[in-house]
Structure formats: C-alpha cells, structure tokens
Amino acid sequence: MIRVTVWNENVHEQQEGIREAMAPFHPNGLHNTLADIIRELGDKVSVRTATLDQPEQGLPDEVLNNTDVLVWWGHAAHASVDDALVSKIQERILKGMGLIVLHSGHHSKIFRRMMGTSCNLRWRDDTYERLFCTDPGHPIAKGIPLNFELGLEECYGEFFDIPKPDSVVFEGWFDIGEVFRSGCTFTRGYGKIFYFQPGHETNGAFNNPYVRRIIQNAVEWTAPANELAELTCPHIDTTLEEKRK
Ligand code: ZN
C-alpha cells in the first residue's frame with residue numbers, strides 16, 4: 001500500500017475570476033482532481049489531500065511521516081511555504097520518500113531545494129501541445145504511446161534551469177515553436193523525484209487519459225522501494241587483518 005499525500009496551495013480556487021475558469025476542470029479543487037486520479041490505482045494506494053490553509057500548512061509531522069509519495073501543486077503561494085517545513089520534506093525525500101512536482105511547482109521551494117538551481121523557464125500563454133515519449137522503456141512510460149496530443153496547455157519552453165535529469169521521459173512540443181523537457185526524473189539520496197509539466201489550473205490536462213496514467217505510473221515509480229533509510233555517516237572500524245586483505 002502506497003501512502004500518497006496530494007498537497008495543493010489551494011489559492012486559485014479562492015480567487016474571483018480564476019475560480020470560475022477552473023471550476024469546470026477542478027470542481028473540488030486541484031487537490032481532489034489529483035487525488036481522484038491516483039485513487040484509480042485502487043488497493044495499491046491510500047490517498048489523502050493537504051492544503052496550505054490547514055494547520056501546519058497541511059503537513060504536520062503525523063502526515064509527513066506517514067507519506068510515501070508527496071504530490072505537489074503550487075503556483076501563487078510558493079513563498080508562503082515555511083522554510084522549516086521545506087527542510088523536513090527534503091530530509092524525508094533523502095530518506096526515500098517519493099516526490100511528484102506538477103506544472104508550476106517548478107518554482108516551489110521544495111523543488112528548487114532538491115534541484116539546487118533556479119528552475120527558471122520561458123513561458124507563454126496557452127498553445128497547442130504534443131507530448132513525445134523519449135524514454136519508452138521507463139516505468140513511468142508504461143501504457144503511453146510514443147506521442148499524443150494534449151491540446152491547449154500553458155506553454156513552457158527551454159531553457160529549463162534544472163540539473164541534468166536521470167531521464168527525460170517526455171518532451172513537450174508546442175506549435176508556437178517551443179520545446180520543453182516535460183517529464184524528468186531525478187534521484188536525491190534514497191528518494192525518487194518526477195517533474196511533469198502539464199497541469200495549468202484553467203486547462204483540462206488532468207482529464208487526458210495518458211496524463212492520468214503518467215501520474216499513476218509516477219506514484220508507483222517514486223514510491224520507496226525499501227523501508228525509509230536513516231541518514232547516517234558512520235565510521236567503520238577496520239581491523240588490521242582487513243587492511244591486509
Ligand atoms: Zn500554469
């Protein structure tokens with residue numbers, strides 16, 4: 001059983017104008033849209049949601065310490081996330097917790113902390129996107145065709161200032177003339193991280209069956225393979241006999 005926590009800043013859901021535009025796609029907020037996608041994995045997962053406006057920003061120790069995979073959607077309130085909470089999340093990732101960062105989460109404190117770079121990119125308003133699978137043997141690509149149409153999505157373009165990913169599983173092509181490393185994997189400590197570009201709040205990317213499958217695959221892939229590790233740096237006594245070997 002993979003214990004998944006879907007965290008959403010839950011800010012656009014309260015903003016006049018954006019609230020109405022996103023309601024058709026996210027009638028119960030982005031966190032519930034994403035939780036519903038992951039619950040399609042059935043008995044393999046238990047899923048809860050967390051939002052910034054909750055006590056301890058939705059991630060008290062009791063929640064974080066019982067999370068195997070953390071899914072992150074944020075945009076307008078990145079700066080409001082406590083640095084101390086970011087440090088706790090970072091430590092848990094280093095011990096093996098999985099992290100999935102979606103769309104505008106590229107600028108979240110936790111993603112930037114884990115990357116160590118600015119995570120800046122070039123962006124434009126909605127344009128037509130096609131996603132290409134560039135690592136079809138990767139577990140996150142299971143069941144996904146070599147390319148598929150996403151339709152209108154906010155356009156993210158290179159240069160995306162991230163460290164070299166372990167794998168670029170998907171690349172996005174936008175008909176306005178941009179390309180983007182849309183699905184990237186990283187390993188930090190014992191933890192696995194997946195960044196995925198689709199998911200603007202007023203578009204329907206999360207209704208796309210392939211996007212849904214990719215998120216589900218990513219939950220299974222980022223889930224810790226073993227018990228979470230303790231982060232230690234032990235000195236091991238070496239006997240004279242061992243040294244002579
Ligand atoms: Zn966006």
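Select strand E1, residues 2-8, in this predicted model. Of its 7 residues, 6 are buried, so E1 is largely enclosed by the rest of the structure. Buried here means under 20% relative accessible area.

Keep E1 on screen and add strand E2, residues 45-51. The two strands pair in the parallel sense, over 7 bridges. To see one position in this pairing, pick Thr 5, which stands opposite Arg 48 in E2.

Next add strand E3, residues 69-73. E3 runs parallel to E1 and is joined to E1 by 5 bridges. Here Val 4 stands opposite Val 69.

Now show the whole sheet. Its 9 strands are ordered E2-E1-E3-E4-E9-E8-E7-E5-E6; the sheet is open and its pairing mixed. Which strands stand at the edges? They are E2 and E6 (147-157); each has a single partner strand, so one side of each is left without a neighbour in the sheet. From one strand to the next, the twist averages 25°.

Move to strands E8, residues 178-188, and E9, residues 191-196. They run antiparallel and are joined by 6 bridges. Select Cys 184 to find Tyr 195 of E9 opposite.

Finish with two helices. Helix H4, residues 83-95, packs on the sheet and touches E1, E3, E4, E8 and E9. The direction of H4 makes about 115° with that of E9. Then select helix H2, residues 30-39, which lies across E1, E2, E3 and strand E4 (98-102). H2 runs at about 175° to E2.

How values were computed: Residues are numbered from 1 along each chain as its sequence is written. This is a predicted model: local features need pLDDT of at least 70, side-chain atom pairs count only at pLDDT 80 or more; totals for chains, interfaces and linings use all residues. Side-chain values use heavy atoms; hydrogens and water are left out. Two strands pair if DSSP finds at least two bridges between them. Helices (H or I, at least four residues) and strands (E, at least two) are DSSP runs, numbered from the N terminus. Axes are lines fitted to C-alpha atoms, for helices over the stretch in contact, and angles run from 0 to 180 degrees between N-to-C directions. Contact means heavy atoms within 4.5 Å. Buried means under 20% relative accessible area, exposed over 50%, partly exposed in between (1.4 Å probe, protein chains only).
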